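Hi everyone, thanks for coming. I'd like to walk you through one structure today, so please take a look at it with me.

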Amino acid sequence: AAYAIPLRSSGDVTGSDRIAWHYRVNTPYVPSPLLVGERLYFTKWISPILTCLDARTGKVLMDVQRLPGLKSLYASPVAAGGRIYFVSREGACLVIKEQPKLAVLATNHLDEGFDASPAVVGRQLFLRGKCHLYCIADE
């Protein structure tokens, strides 16, 4: 489940009006949610099923969209330059537009899988595979 609790809250907030909103279906098990602006993106369990919520209200903006070309996810998504990057345990990297509607920009495949979350440094994307470290960048 996902719960939005205002930062000013303190003490036990269980069952209280201090919870701004909650969402109880299709939430992640291993990958962390990704907050970009006022949108919260997350995948279902470890599967490539994407949901996007309005972070302020909890309103569903995109519900149960399959991320094509991916099978299982341990790595958390990252965002940079208006794009969101997902890497799979099977070696696929899916790039989508950062918006409340699914728009695939690219799918790339490498020869090993990824459990670690990508890291963005400047204009470089670092991917730690099971055996190698990759750096993807413009020349």
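**A walk around the model**

Let's start with Tyr 29, which you'll find in the loop between β2 and β3 (34-36). Before I go on, keep in mind that this is a predicted model. So, is Tyr 29 buried or exposed? Its relative accessible area is 55%, and exposed means over 50%, so Tyr 29 is exposed. Tyr 29 also has company: together with Val 30 and Trp 45 it makes a nonpolar patch on the surface, and the three share about 340 Å² of accessible area.

While we're out in the loops, have a look at Asp 17. That residue sits in the loop between β1 (2-4) and β2 (21-23). Asp 17 has a relative accessibility of 75%, so it counts as exposed. If you want a landmark, try Ile 5: it is 12 residues away from Asp 17 along the chain, and their C-alpha atoms are 9.6 Å apart.

Okay, let's go inside. Which residues have the most contacts inside the largest nonpolar core? They are Tyr 41, Leu 50, Leu 70 and Phe 86, and the core has 14 residues. As for where those residues come from, β3, β5 (49-54), β8 and β9 each bring in at least two. The top contributor is β9, which gives 3 residues.

Next up, the sheet towards the end of my tour. How are the strands β11, β12 and β13 ordered? They form an open sheet of 3 strands in the order β11-β12-β13, with antiparallel pairing. β11 and β13 are at the edges and have a single partner strand each, so each of them has one side without a neighbour in the sheet. From one strand to the next, the twist averages 25°. And a quick reminder for anyone new to this: strands of a sheet pair through backbone hydrogen bonds, and they can do that parallel or antiparallel.

Let's take the two pairings one by one. β11 and β12 run antiparallel and are joined by 3 bridges. If you follow that pairing across, Ala 119 faces Phe 126 in β12. These two strands make a hairpin with 2 residues between them, and there Gly 122 takes a positive phi near 60°.

On the other side, β12 and β13 pair in the antiparallel sense too, over 5 bridges. Here you can spot Leu 125 opposite Ile 136 in β13, and Arg 128 opposite Leu 133 in β13. This pair is a hairpin as well, with 4 residues between the strands.

I'd like to stay on β12 for a second. Which of its side chains are buried? Leu 125 and Leu 127 are, and they point to one face, while Gln 124, Phe 126 and Arg 128 point to the other face and are not buried. So the side chains alternate as you go along the strand, a pattern you can trace by eye.

Last topic: charges. Side chains of opposite charge can pair when their charged atoms come close. How many salt bridges does the model have? The count comes to 5. I'll show you some of them.

In one of them, the side chains of Arg 39 and Glu 98 meet, with 2.6 Å from N to O. Arg 39 is in strand β4 (residues 39-43) and Glu 98 is in the loop between β9 (92-97) and β10 (104-109), so this pair ties together parts that are 59 residues apart in sequence. Both ends are partly exposed: Arg 39 has a relative accessibility of 26%, and Glu 98 has 22%.

Now find Asp 115. Arg 89 forms a salt bridge with it, and their closest N and O atoms are 2.7 Å apart. Arg 89 is in the loop between β8 (83-87) and β9, while Asp 115 is in the loop between β10 and β11 (119-121), so the pair ties together parts that are 26 residues apart in sequence. Asp 115 forms a salt bridge with Lys 130 too, this time with 3.6 Å between the closest N and O atoms. Lys 130 is in the loop between β12 (124-128) and β13 (133-137), 15 residues from Asp 115. Through these shared partners, Arg 89, Asp 115 and Lys 130 become one network.

What about their accessibility? Arg 89 is partly exposed at 27%, Asp 115 is partly exposed at 33%, and Lys 130 is partly exposed at 48%.

That's my tour, thanks for listening!

Technical notes:
Residues numbered from 1 in each chain as written. Predicted model: local features only at pLDDT ≥ 70, side-chain atom pairs only at ≥ 80, totals over all residues. Heavy atoms only, no water. Salt bridge = Lys/Arg side-chain N within 4 Å of Asp/Glu carboxyl O. Buried < 20%, exposed > 50% of the residue type's maximum accessible area, 1.4 Å probe, protein only. Pairing = 2+ DSSP bridges. Axes fitted to C-alpha atoms, helices over the stretch in contact; angles between N-to-C directions. Patch = residues over 30% accessible without salt bridge, like charges linked within 9 Å, V, L, I, M, F, W, Y side chains within 5 Å. Areas by Shrake-Rupley, 256 points an atom, 1.4 Å probe, with all protein chains shown as cover. Core = buried A, V, L, I, M, F, W, Y, C linked by side-chain atoms within 4.5 Å.
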